[in-house]
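Reader: I am new to reading structures, and I would like to understand how the words used for them are justified. Could we take a few of them one by one?

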Amino acid sequence: MIRKIIKIDEEKCNGCGLCAQACHEGAIEMVEGRAKLTREDYCDGLGDCLPACPTNAISFEEREAPAYNESAVLEAKKQKAGVLPCGCPGTNAKAIKREASPVMALPSQSELTQWPVQIKLVPVNAPYFNNANLLVSADCTAFAYGNFHQEFIRRHITLIGCPKLDEGDYAEKLTRIIAGNEIKSVTVVRMEVPCCGGIENAVKRALQASGKFIPWRVVTISTDGRIVE
């Protein structure tokens, strides 16, 4: 049938995941750091996702598409109860259990060597970027992973951000930082939730656009504080 349905421009999508959160039907999912209309029959054509998108990557179009399947949507909601659209555990999800330590841990020393750390606030050119090992991290990771300072921030220049909450795309600024400075390596630390793919995707595009060959790696942290292999 011919009906109104959303269209996602993948070139404009910054991977923030806000559209997936706004889609009450679950028609949009985050796939490899980009928003995808994975179930056309779940899209009701009302467009709740449009105002949520900070890059105007979503629009309407009229084309051949399967009819909206309300019963399938309701069944899918039951199956996904307790999980947020971004992939994070919700209030009904099984709680993460941790064993309390009988000994109070001694405070660790901060390994941060520069300020500011927010991608949006950091200058494009700064002396500390010269011959730097760059850490680009989703801001939740430092809270989820207990030894974050010692294993990741140490001997790195740290940039943090949240592609889900920050407006705009990090790739342009990261490109300018990488292209305009002598960066030795790039480490990306992200959470396992799909919306964090936005920060990984931004770094990939920045490295490609910089025209430089720089060693880089991605480390993924689980919601219960483990490094995901």
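Reader: Why does Thr158 count as buried?

Author: This is a predicted model, and every value here is computed from it. Thr158 has a relative accessibility of 2%, and because buried means under 20%, Thr158 counts as buried. Its place is in strand S6, where Thr158 touches Leu112, Gln114, Val117, Leu135 and Ile153, not counting residues up to four places away in sequence.

Reader: What makes strand S6 mostly covered?

Author: Strand S6 runs over residues 157–161, and 5 of its 5 residues are buried. Ile157, Leu159 and Gly161 point one way from S6, while Thr158 and Ile160 point the other way, and all are buried.

Reader: How do you know that strands S5 and S6 pair?

Author: Two strands pair if at least two bridges are found between them, and S5 (residues 132–138) and S6 have 5 bridges, in the parallel sense, so by that cut-off they pair. Within this pairing, Ser137 stands opposite Ile160 in S6.

Reader: Why is Tyr68 called partly exposed?

Author: The relative accessibility of Tyr68 is 32%, and because buried means under 20% and exposed means over 50%, with partly exposed in between, Tyr68 counts as partly exposed. Tyr68 is found in the loop between strand S4 (58–64) and helix H2 (70–79). Not counting residues up to four places away in sequence, Tyr68 touches Arg3, Glu25, Asp41, Tyr42, Cys43, Asp44 and Val73. Tyr68 and Arg39 are 29 residues apart in sequence, and their C-alpha atoms are 9.7 Å apart in space.

Reader: How do you know that the reach of helix H6 is close to what is expected?

Author: Helix H6 (residues 197–210) has 14 residues and reaches 20 Å from its first C-alpha to its last, which is close to the 20 Å expected at 1.5 Å a residue. H6 is followed by Gly211, whose phi is positive, near 75 degrees.

Reader: What makes H6 mostly covered, and what covers its buried residues?

Author: Of the 14 residues of H6, 10 are buried, namely Gly197, Gly198, Ile199, Glu200, Asn201, Ala202, Val203, Ala206, Leu207 and Ser210. What covers these buried residues includes strand S3 (34–37), S5, S6, helix H5 (171–180), strand S7 (183–191) and strand S8 (216–221). Strand S6, itself mostly covered, is thus named among the elements that cover the buried residues of H6.

Conventions. Residues numbered from 1 in each chain as written. Predicted model: local features only at pLDDT ≥ 70, side-chain atom pairs only at ≥ 80, totals over all residues. Heavy atoms only, no water. Buried < 20%, exposed > 50% of the residue type's maximum accessible area, 1.4 Å probe, protein only. Helix = DSSP H or I, 4+ residues; strand = E, 2+ residues; numbered from the N terminus. Contact = heavy atoms within 4.5 Å. Expected span 1.5 Å × (residues − 1).
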